[in-house]
Amino acid sequence: MSRLVPLRPDLTGLSGYHSAQVDVQVRLNTNESPLPPPDTWLEELRSELSRVDFNRYPDRDAHALRQALGEFHGVGPEEVFCAKGSNEVLQCLLLAYGGSGRCAALFEPTYALHRHIASLTATEVASIWRAADYSLDLNEADALVERVRPIITFLCSPNNPTGRAEPPEVVTHLLERAPGLVVVDEAYGQFAPTSALDLRQPERRGTSRLVVVRTFSKTWSMAACRLGYLVGDPEVVEACKSVALPYHLDALTQMAGRLALHHVAAMEERVALVKEERDRICTALRELPVETWPSDANFVLFRPLKRSAKQVWNDLLEESVLVRDCSEWRGLSECLRVTVGTATENTRFLAVLRSSLGHASTKEHAQTRKR
Ligand code: PMP
């Protein structure tokens, strides 16, 4: 393709990150919360909105938000860095620690943005593949970090798109072997039984290479706000601050996040509902001709066995149900990923899936046809 002006040579062939934004009735493709945030949060936000000095730049350090997040996690504000979604947190980490001549390690298949942002920041990527059950072979992981001495080792827990959380022993093991930062992306952390946050040791302040990244996009039902953060050593927080653009986090997002922390019980209720529904989907999938993997997150990966993933994806879309088509991603051939929706949405997804796989009851089949 001819270009107006040549692109940075190392970006040739790189395309942006896209997930279909199709107008459908049941949207189960981007792992958001199916539920809106609590009304009480919206009321508080409305009443505080009038106090924003719109003519002034926001608090550059997001101090009140970091203080509130620090209290929530039992750490100081100097151990918290906030940004526009956890993607921007990851970008700041790679801007600060990656770059030319440095290497990030990851375990595929995993969240595509780890590799993507590494490329954008000219950071080399070294990776190994997970086993068929998507677990990590620690001997292979040891060999990788020994060979490439990564400045950042990424873990995604629960891993997107495969679903399983890394056991704490795996995180500890990598922290002992990997020379640089161990960044655990816990975008779905609240759905999992364990968190790397519990591995943080207050007495190791000033020397801890463990960084945990979280987001308000999923469990907090606030994907529209774009707010993510990390909990890590104050030195890492300072490094991220030094590469973030001035005033990158607007006043409204800071306020929305701070106020959300007044509604922890409502968030936990939503997490419990999603987990219940996730388990219902997993049980239902086990009755169908699909290969499926256990999930500690708010999504489930599965591989249709009797028909191609594309055919099933199309059948679902025809009935206005959108799931993620991962069938052409390396290591995920013929796989689809469904995000847990509301009970009604999940029931509809399962009915259309059964029908697509020739497993529908007569009633379900008739209902699917009628829509
Ligand atoms: N990490 C993981 C593992 C994700 O799946 C996502 C969202 N797809 C993100 C980070 C980014 O989330 P956000 O930027 O909305 O916080």
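Colleague: Why is Glu108 called buried?

Modeller: In this predicted model, Glu108 has a relative accessibility of 10%, and because buried means under 20%, Glu108 counts as buried.

Colleague: What makes the pair Arg115 and Glu108 a salt bridge?

Modeller: The side chains of Arg115 and Glu108 meet at 3.0 Å, N to O, and since the rule asks for a side-chain nitrogen of Lys or Arg within 4 Å of a carboxyl oxygen of Asp or Glu, the pair qualifies as a salt bridge. Arg115, for its part, has a relative accessible area of 33%, and because that class runs between 20% and 50%, Arg115 is called partly exposed.

Colleague: What is the peptide bond from Glu108 to Pro109, cis or trans?

Modeller: The bond from Glu108 to Pro109 is cis, with omega near -5 degrees, and Pro109 has its place in the loop between strand 3 (103–108) and helix 4. A cis peptide bond also joins Asn160 and Pro161, where omega is about 15 degrees; Pro161 lies in the loop between strand 5 (152–156) and helix 6 (168–177).

Colleague: Why is the pair of Glu48 and Arg258 called a salt bridge, and which parts of the chain does the pair link?

Modeller: The closest N and O atoms of Glu48 and Arg258 are 2.9 Å apart, and because the cut-off is 4 Å, the two residues form a salt bridge. The pair links distant parts of the chain, with Glu48 in helix 1 (residues 39–49) and Arg258 in helix 8 (residues 251–260), 210 residues apart.

Colleague: How do you know which class of exposure Glu48 and Arg258 belong to?

Modeller: Glu48 has 15% relative accessibility, and because the limit for buried is under 20%, Glu48 counts as buried. Arg258 has a relative accessible area of 23%, a value that falls between the limits of 20% and 50%, and therefore Arg258 is partly exposed.

Colleague: What makes Asp10 and Arg8 a salt bridge, and why are Asp10 and Arg8 placed in their exposure class?

Modeller: The side chains of Asp10 and Arg8 meet at 2.9 Å, N to O, and because the limit is 4 Å, the contact is a salt bridge. Asp10 stands at 43% relative accessibility and Arg8 at 37%; because partly exposed lies between 20% and 50%, Asp10 is partly exposed, and Arg8 is partly exposed too.

Colleague: How many salt bridges does the rule give, and which residues are linked in a network?

Modeller: The count comes to 17 salt bridges by this rule, and Lys310, Asp325 and Glu328 are linked in a network of them.

Colleague: Why is Thr121 called buried, and what does the side chain of Thr121 reach?

Modeller: Thr121, found in the loop between helix 4 (112–120) and strand 4 (124–129), has a relative accessible area of 12%, and because buried means under 20%, Thr121 is buried. The side chain of Thr121 reaches the backbone oxygen of Ala118 at 3.0 Å. Leaving aside neighbours within four places in sequence, Thr121 is in contact with Leu94, Leu95, Gly99 and Ser100.

Colleague: How do you know whether Ala118 is buried or exposed?

Modeller: Ala118, in helix 4, has a relative accessible area of 1%, and since the limit for buried is under 20%, Ala118 is buried.

Colleague: What makes the phi of Ala62 worth a remark, and why is Ala62 called buried?

Modeller: Ala62 has a positive phi of about 45 degrees although Ala62 is not a glycine, and Ala62 lies in the loop between helix 1 and helix 2. The relative accessible area of Ala62 is 4%, and because buried means under 20%, Ala62 is buried. Arg149 likewise has a positive phi near 45 degrees in a residue other than glycine; at 44% relative accessibility, and because exposed means over 50%, Arg149 counts as partly exposed.

Colleague: How do you know that Asp185 and Ser217 have polar atoms close to the ligand?

Modeller: A polar side-chain atom of Asp185 lies 2.7 Å from a nitrogen atom of the ligand, and an N or O atom in the side chain of Ser217 is 2.6 Å from an oxygen atom of the ligand; because a polar contact is a pair of N or O atoms within 3.5 Å, the distances for Asp185 and Ser217 satisfy the cut-off. The protein covers 93% of the 400 Å² of accessible area that the ligand has on its own.

Note on methods:
Residues are numbered from 1 along each chain as its sequence is written. This is a predicted model: local features need pLDDT of at least 70, side-chain atom pairs count only at pLDDT 80 or more; totals for chains, interfaces and linings use all residues. Side-chain values use heavy atoms; hydrogens and water are left out. Buried means under 20% relative accessible area, exposed over 50%, partly exposed in between (1.4 Å probe, protein chains only). Helices (H or I, at least four residues) and strands (E, at least two) are DSSP runs, numbered from the N terminus. A polar contact is a pair of N or O atoms within 3.5 Å; within protein, one must be able to donate a hydrogen and the other to accept it, and residues adjacent in sequence count only if both atoms are side-chain atoms. Contact means heavy atoms within 4.5 Å. Accessible areas come from the Shrake-Rupley method with a 1.4 Å probe; for residues, only the protein chains shown count as cover.
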